Each structure stands twice: as structure tokens, then as C-alpha cells.
Amino acid sequence: MNDTLTIPAAAWWRHRWPWLLMLGPAVVLVAGGYTSYLAYSRQDALVVGDYYKRGKAINQDLRRDRAASALGLHLALRHDAGAGLLSGRIAGTGHAAPAGTLQLHLAHATQPEKDIRLLLQPDRDGHFSVKLAQLERSRWTVLLEDEQRAWRLEGHWEWPRQRELWIEAE
């Protein structure tokens, strides 16, 4: 007598190997779909449409840098998150602090909608303080200029790694 026990073959979906083999392509499809969603739903913030005009404006910006250097300007900034204040001092070597209203632009590294523009009114010694409730953890480009845009100071601030910022005209 030949008694053989025959076990019926299980359907393919009951084995784990086909599922394991399909897992890789499934993950790639989901990741590709998410990447496509990000590409089509967000605007490219770093691409400038008028790059030629921007390039020509570089010489004008260099003239403003040289004007700040001739005045010997330097800027010290400090943000107190607890008090919600941005304070600092603008001064020049051998010159009085710039008079009038100054414009401070804090440009977010990657998201222009998070840029911050502040108007500063320094006292006779160049000290100023302005309310700034929150400063996001990021690398900020700091640009300080006068109302006439005759000079500018520019630097980078990695908040909160750098608690204070010092920018000096070169």
C-alpha cells in the first residue's frame, strides 16, 4: 500500500514571499507619488525670473557696501525670546550713529513667506529695541539699510546657535 499524504497547495496570497517581493515596488510608488505632490504643489522659491536685472544690480549693491565701509558701520544684534525683543546697536567708527529710520530685513533661508521686515529707530547712541515675538530656528540673512538705500550691512545669522550677531562693513 502506498499511502501518500497530499497537502493541498495554498493560494499564492497566503505565502509571505510574494508580499515581501511586492513591498519594494509599492514603497517606491508611494514615495514617487509624494515627491510628485511636493513638486507640483510648492513654488520654487530660489529661482529668480529677472536674473539678468538682478545680475546688473550687483554693482549697485557693491557700491552700497563700499558706502557702509567708508562710514565704518557695524551692527550688533541680540534676540531675547523670553521678552520677545530684538535689540542691538548700530555705530560707525569716528562717526555718529546713522540718524533716521533704518530698515532691517530678516530673510528666511528657504521660505520667503517667513521673511521679517522691521523699522528701527535708533537713539543718539545707536541703540534700538523692537518687538519680535518669535524667531524661527533657521539660518537668516540679515540686511540693514537706511531709508535712502545709500548703504547696507549684510550678514548671516544662525538662530539659536548664534545668540548674538555682529556684522561689520568690510
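Q: What makes strand S3 and strand S6 a pair in this predicted model?
A: Two strands pair if DSSP finds at least two bridges between them. Strand S3 (residues 102-108) and strand S6 (residues 138-146) have seven bridges, in the antiparallel sense. Therefore they count as paired. One bridge joins His-105 to Leu-143 in S6.

Q: Which sheet holds S3 and S6, and in what order do its strands stand?
A: The order is S4-S3-S6-S7, an open sheet of four strands with antiparallel pairing.

Q: Why are S4 and S7 called edge strands?
A: Strand S4 (116-120) and strand S7 (152-159) each have a single partner strand, so one side of each has no neighbour in the sheet. Neighbouring strands here are turned by 20° against each other on average, direction ignored.

Q: Which other strands form an open sheet?
A: S5, S2, S1 and S8 do, in the order S5-S2-S1-S8, with antiparallel pairing.

Q: What leaves one side of S5 and S8 without a neighbour in that sheet?
A: S5 and S8 stand at the edges, and each has a single partner strand, so one side stays free of a neighbour. From one strand to the next, the twist averages 15°.

Q: How do you know that S2 and S5 pair?
A: The cut-off is at least two bridges. Strand S2 (residues 85-92) and S5 have five bridges, in the antiparallel sense, so they pair. Gly-88 stands opposite Phe-128 in S5.

Q: What makes S1 and S8 a pair?
A: Strand S1 (residues 73-80) and S8 are joined in the antiparallel sense over five bridges. At least two are needed, so the pair counts. Leu-77 has Leu-165 in S8 as its bridge partner.

Q: Which residues of S5 are on the covered face, and which are on the uncovered one?
A: In strand S5 (residues 127-131), Phe-128 and Val-130 make up the covered face. His-127, Ser-129 and Lys-131 make up the uncovered one.

Q: What pattern does the chain follow along the sequence?
A: The pattern is α-α-β-β-β-β-β-β-β-β. It reflects two helices and eight strands.

Q: Why is Gln-43 called exposed?
A: Exposed means over 50% relative accessible area. Gln-43 is at 74%, so it counts as exposed. Gln-43 is found in the loop between helix H1 (16-41) and H2. Its C-alpha atom is separated by 10.0 Å from that of Gln-111, 68 residues apart along the chain.

Q: How much of the chain is buried?
A: Buried means under 20% relative accessible area. Of the 170 residues, 29% are buried.

Q: What lines the second largest pocket?
A: The lining includes Asp-65, Arg-152, Leu-153, Ile-167 and Ala-169. About 200 Å³ of space lies in this pocket. Helix H2 (51-71), S7 and strand S8 (164-168) each give two or more residues to the lining. S7 gives the most, with three residues.

Q: How many residues of that lining are nonpolar, polar or charged?
A: Four are nonpolar, none are polar and five are charged.

Q: How do you know that Ala-169 is in contact with Leu-153?
A: Contact means heavy atoms within 4.5 Å. Leaving aside neighbours within four places in sequence, Ala-169 has Ala-68, Ser-69, Leu-73 and Leu-153 as its contacts. Therefore Ala-169 and Leu-153 have heavy atoms within 4.5 Å. Ala-169 lies in the segment after S8. The C-alpha atoms of Ala-169 and Arg-152 are separated by 8.5 Å.

Methods: Residues are numbered from 1 along each chain as its sequence is written. This is a predicted model: local features need pLDDT of at least 70, side-chain atom pairs count only at pLDDT 80 or more; totals for chains, interfaces and linings use all residues. Side-chain values use heavy atoms; hydrogens and water are left out. Axes are lines fitted to C-alpha atoms, for helices over the stretch in contact, and angles run from 0 to 180 degrees between N-to-C directions. On a 1 Å grid over the protein atoms alone, a cavity is a set of points where a 1.4 Å probe fits but cannot get out, and a pocket is an open set with protein on both sides within 12 Å along at least five of seven lines; lining residues have an atom within 4 Å of a point. Grid points are joined across faces, edges and corners, and a volume is the space filled by probe spheres set on the points. Ala, Val, Leu, Ile, Met, Phe, Trp, Tyr, Cys and Pro count as nonpolar, Asp, Glu, Lys and Arg as charged, and the others, Gly among them, as polar. Buried means under 20% relative accessible area, exposed over 50%, partly exposed in between (1.4 Å probe, protein chains only).
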